[in-house]
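Here is a friendly walk through a protein model, written for someone who would rather be at the bench. Please keep the structure view open as you read.

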Amino acid sequence: MSDLRITRPLTPQPALRGCTRLVSRAIRLEALPEGHVIQVLGTPHAPLAMERLAPLSDGAPQAVRAAGPGQWFIVGDRAKTHAELGDILAALQPEAFGVDQSAGRVRIRASGPMVERMLAKGTAVDLALTRFPVGEATTTLVGHIAAHVTRIGDEAFEIMVLRGFAQSLWDDLARMSAEFLED
Amino acid sequence: MTPYRLAAGGLIDRRAHLSFTFDGKPLTGYAGDSLASALLANGRLLVGRSFKYHRPRGILTAGAAEPNALMTIGRDGRTEANTRATMQELYDGLEARSQSRWPSLAFDIGALNGLLSPFLGAGFYYKTFMWPAPLWEKLYEPFIRKAAGLGTAAHVADPDAYEKCWAHCDLLVIGAGPAGLAAALTAGRAGARVILVDEHAAAGGTLLSETARIGGLPAPAFVAQTMAELEALENVTILLRTTAVGWYDGQVFGAVERVQKHVRVPAAARPVERLWRIVAQKALLATGAEERPLVFGGNDIPGVMMAGAMRTYLNRYGVAPGRQVAIFTSNDSGYALAADLEAQGIVPEIIVDSRADASPSYAGKARIVTGAVVSDAQGGKALSAITVLRNGQTETVKVDALAMAGGFSPIIHLACHRGGKPQWSDAQSAFLAPGDLVGLDLAGAVATTAGIAACLAEGARTATALLEQMSFNATPATFGTVEGDIVSAPNPVPARPLWTVPGVRGKAFVDFQNDVHRGDLDLAVQEGYGHVELAKRYTTNGMATDQGKLSNVNAIGLLAEARGISPADVGTTTFRPFYTPVSFGALAGPHHGHDFQPVRRSPLHDWARRLGATFVETGLWYRSSFFPRVGETSWRESVDREVLNVRAHAGLCDVSMLGKIEICGHDAAEFLNRVYSNAFLKLPVGKARYGLMLREDGMIYDDGTTSRLSENHYVMTTTTAYAAGVMNHLEYCAQVLWPDLDVRLASSTDQWAQMAIAGPKARLILQTIVNEDLSNDAFPFLAAREVSLFGRALHGRLFRISFSGELAYELAVPAGYGESVAEALMEAGAPHGIQPYGVEALGVLRIEKGHVTHNEINGTATAADLGFGKMVSTTKPDFIGKAMVGRPGLVDPERAQLVGVLPLDPTTSFRTGSHILAQGAAATLENDQGYVTSSAYSPHVGSTIGLALVTRGAERHGEAVMIWNGIRNEFTPGRLCDPVFVDPGNEKLHV
């Protein structure tokens, strides 16, 4: 081993740095903190109960979201330490495996009275509250970009996207929101 | 001047003056006008020239089917050709220009074509320009192209925004006329999610042109009242200025909303047009009916107009069509117009009714001639007289306006968009929608229902039935008594169509837009093109922007009479989306220019940018191509430096975009053993292995390394190009082929910033940030483990793998830390000469080492072809590709095999794609022995080097060949060699 050691202050760079919040009475668009995202890989044959996963989350409403048959995301605003992540992944065993996607997925919150209209410019999913109630989540295309959409409130959605596409999705959402940003 | 504005009446605001120009001349209209009504009110009868004969043309309709009044609106990037004046709302500052004329609308040189018309009939071009053949390309086609076309597009970019949007509803109502309004109200009150679309700026459809009273209110006031109730319902969405243009699979309807086509300067934050994709559980078509023209001589002279359109101009826009008006009708509807004209003080000069037995309930003053026809109209740029033919006797009547009422054709287009064929009904004298529609019903005039009261009732009733199918509790909306309904009898006898008007002398137009007249259809039948699809192509009837909305049914009737068969036997041409033309802007939406496709950014993108990287698009990724330095004059100079530096010192390359797939599960090892052709069952924890994936047909699919991070957890790397494909392939294998295996898959490509650190100094540099011992004993070639960095501040994954052939590692850290870590490595490596390198250098390094990529894994190469024969297990019970890998064609000794290529003279060069010829062989395809799959200048070798797939290449090392570039006719004498140009013994990998 070399004697030379570099121990420098490490600063993570958010994917959406520089994307300032866009706010009007009609719409609000903001990048969420790059906290934690854990992809839970169960099996379609023996789905996990929500009760099994909820205790592993930070406890916020809608912290656990469905992501396809037997799969879930556990998300939260606080970044987990390496040890905390290890504990969660271990706790998922033996029924499920966990994959840390905290850096691989970026979350954007879109809210406001016009949020359904805005998102309808990108997704073919029917987002009416009666069809897509709070807590419902799905994977869909927003324009050309695949994203995971969760309803977190009557007029609020969280959109999770692959990090590499985050800037493009933000640009798209900003453009889709433009007409509602003129108060 | 004949048409003029009435002093009162109509739905226009006479206090709101709007200025506009037509062919540069300033004119004024009122708010509520269409461009067409404003032109008429200004006495502008002549508004365009016809396409082929350049005949003077006036406004024919008041709606979407307009074939004549096509104008160019706006200027520069907002130029919009072929705008229908009938559909264009007037706005202050509107600029309209007529088309198909030169030098001016009034004096048009092209009208000379009219003199040549005896020679310009259907099929003229086919017959005339057949010979001499060489002239077609050089003379005829350019000439015809110059003369052809409707309007001229601008050559500057459109400055406005376009948008696409989805919408969902229980019931979609298409058309806001009486049937549509009644349906929407019924559904809205029942609580269903309703979308009501109408192509006009104002809802109401024909009600806006009616003089009837509904429940005591004038029809337009009734519309306003109904719309107010609909607007107050939260579950009802009203989309005006929105044309439903297509019905597609999955109950998706396409519709185009003209959001800001009625304003001079659109607001920048909103689109000018919006393409809606409406998913409707059920849909109701309430699109009404199109009035048919009558085919008599000179029926295209300005001043001749559809009777229904004339009612609209009169009642809705307060524009009288002329002072001396005649009506030519084949049914009762013409008399409603007569009554309306008289109410405005214009007594028609004559009503010509083709029915000998006509008995209309008409109490007006106009002279009625039954059993008669208008055989010809006279006039040039304006109508002056008509010839009335009755019992062989002709009479000339001086008129300045003529209305024609040839009966109605239901607007069933959307009902036929999914393949259904219109059905001819003798009883209704009309083509009706297919009878077996699912998810779509019809109400109102589109279902041949006549009269306001009947349409209102049918709309409400049909909506109720559709709602009940969706388990809504609905009650049909009811409305007050309709006074002055246009239908007097409860069950009116439909008009008998009058296809062939007798005694015609002049040109009797069937298709106004394409200048197809009756003689053309007769000619088509005579010459054997009587089939409706052939007649369309032979005559061009029903083509271009209006797609035969006015002409198709008349053409079918005339073809039927010419062939002596029923219209049912003639049939229709195929109805396809779009119902009306859709702009490219609406179809493209926001996806053009910078937004054509999304960008996928590496977590090291900004780091590379700061170091001056030149980027290259690789799929959606932007990869650093090379890092030019001050003083370097060509990309080659930069790349050569980067390559030499890696071999001499060390380099850092962003490889984040390589696919990374987490493979978990208790059967993950078995899964990999079946997916790869080489053995994976016994790969130890902490080790990586190069794997080869075959397709079922035995060819190589993809390659990469897979590392075992723990007992039941692997991470696979794929090529950048195949990342998504391999993920899909693995999912398919796990879900479909072997559902019994416990395997779970997740893409983690975006989670990690991954960098290759390659070169003899790689270990020295890396060790400065990695806590674990990286000595060759502790972390040997193909080691793969989680490591801690910077004390224990960060954890990453470290793989000792090499694409360059040097001592090399790939370090993966959580993406957000990528830039910090890359900077730390550059800082630590500075004393050791580290430099960043891009994909160009990466490519050179791998060619020098003889590593293959998808240039070589080209879909026709087997493992053995590329020298990986030993990686195809002979002992495993099964793996994908095993069954086919031994077939004779894949073990043929003559197959092309991977080989290196060098030029004999190092100062000469060759290109990728060049072919290999045996020495002395003629340059023919028969002598082709393979081709260069990859090539680069190798600073290590000092010349161009290549990899090639050449017949029996593996046993021909040292053989002189000719490298032939057939496209550039270049010949480079060369020599086949070992494909590994650097460190063939792999000693560097193990230091």
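The report below goes from sheets to helices and ends with a few single residues.

This is a predicted model, in which local features need pLDDT of at least 70 and side-chain atom pairs count only at pLDDT 80 or more, while totals for chains, interfaces and linings use all residues. Residues are numbered from 1 along each chain as its sequence is written, chains are lettered from A and ligands numbered from 1 in the order in which they are written, and side-chain values use heavy atoms, with hydrogens and water left out.

**The barrel in chain B**

In chain B, six strands close into a barrel in the order 47-50-49-48-51-52, with antiparallel pairing. From one strand to the next, the twist averages 45°. Helices (H or I, at least four residues) and strands (E, at least two) are DSSP runs, numbered from the N terminus, and two strands pair if DSSP finds at least two bridges between them. Strand 47 (residues 896–903) and strand 52 (residues 970–977) of chain B are antiparallel partners over four bridges. Pro903(B) has Gly974(B) in strand 52 of chain B as its bridge partner. Helix 21 (residues 839–849) of chain B packs on the sheet, where it touches strand 49 (928–938) and strand 50 (943–951) of chain B. Contact here means heavy atoms within 4.5 Å. The direction of helix 21 of chain B makes about 125° with that of strand 49 of chain B.

**The open sheet in chain A**

Chain A has an open sheet of four strands, in the order 4-5-3-6, with antiparallel pairing. Its edges are strand 4 (64–66) and strand 6 (97–100) of chain A, each pairing on one side only. On average, neighbouring strands of this sheet are turned by 25° against each other, direction ignored. Strand 3 (residues 36–41) and strand 5 (residues 71–76) of chain A run antiparallel and are joined by six bridges. Val37(A) stands opposite Val75(A) in strand 5 of chain A.

**Helix packing in chain B**

Two packed helices are described by the angle between their axes and the distance between the axes. Axes are lines fitted to C-alpha atoms, for helices over the stretch in contact, and angles run from 0 to 180 degrees between N-to-C directions.

| Helix pair (chain B) | Angle | Axis distance |
|---|---|---|
| Helix 10 (518–526) and helix 11 (532–539) | about 125° | 10 Å |
| Helix 10 and helix 12 (552–563) | about 45° | 10 Å |

The angle in the top row makes helix 10 of chain B oblique to helix 11 of chain B. Helix 10 of chain B and helix 12 of chain B are oblique to each other too. Angles under 35 degrees count as roughly parallel, over 145 as roughly antiparallel, 65 to 115 as roughly perpendicular and the rest as oblique. Among the residues that meet are Leu521(B) of helix 10 and Tyr538(B) of helix 11. Leu521(B) is also one of the helix 10 residues that meet helix 12 of chain B, whose side includes Leu558(B) and Leu559(B).

**Cysteines and a loop proline**

How many disulfides does a search of the whole structure find? The search finds zero over all chains, a disulfide being a pair of cysteine sulfur atoms within 2.5 Å. Cys653(B) is buried at 2% relative accessible area, and Cys977(B) is buried at 8%. Pro133(A) lies in the loop between helix 3 (115–119) and strand 8 (137–142) of chain A. Pro133(A) is partly exposed because its relative accessibility is 34%. Buried means under 20% relative accessible area, exposed over 50%, and partly exposed in between (1.4 Å probe, protein chains only). Between Pro133(A) and Thr81(A) there are 33 Å in space, C-alpha to C-alpha, and 52 residues in sequence.
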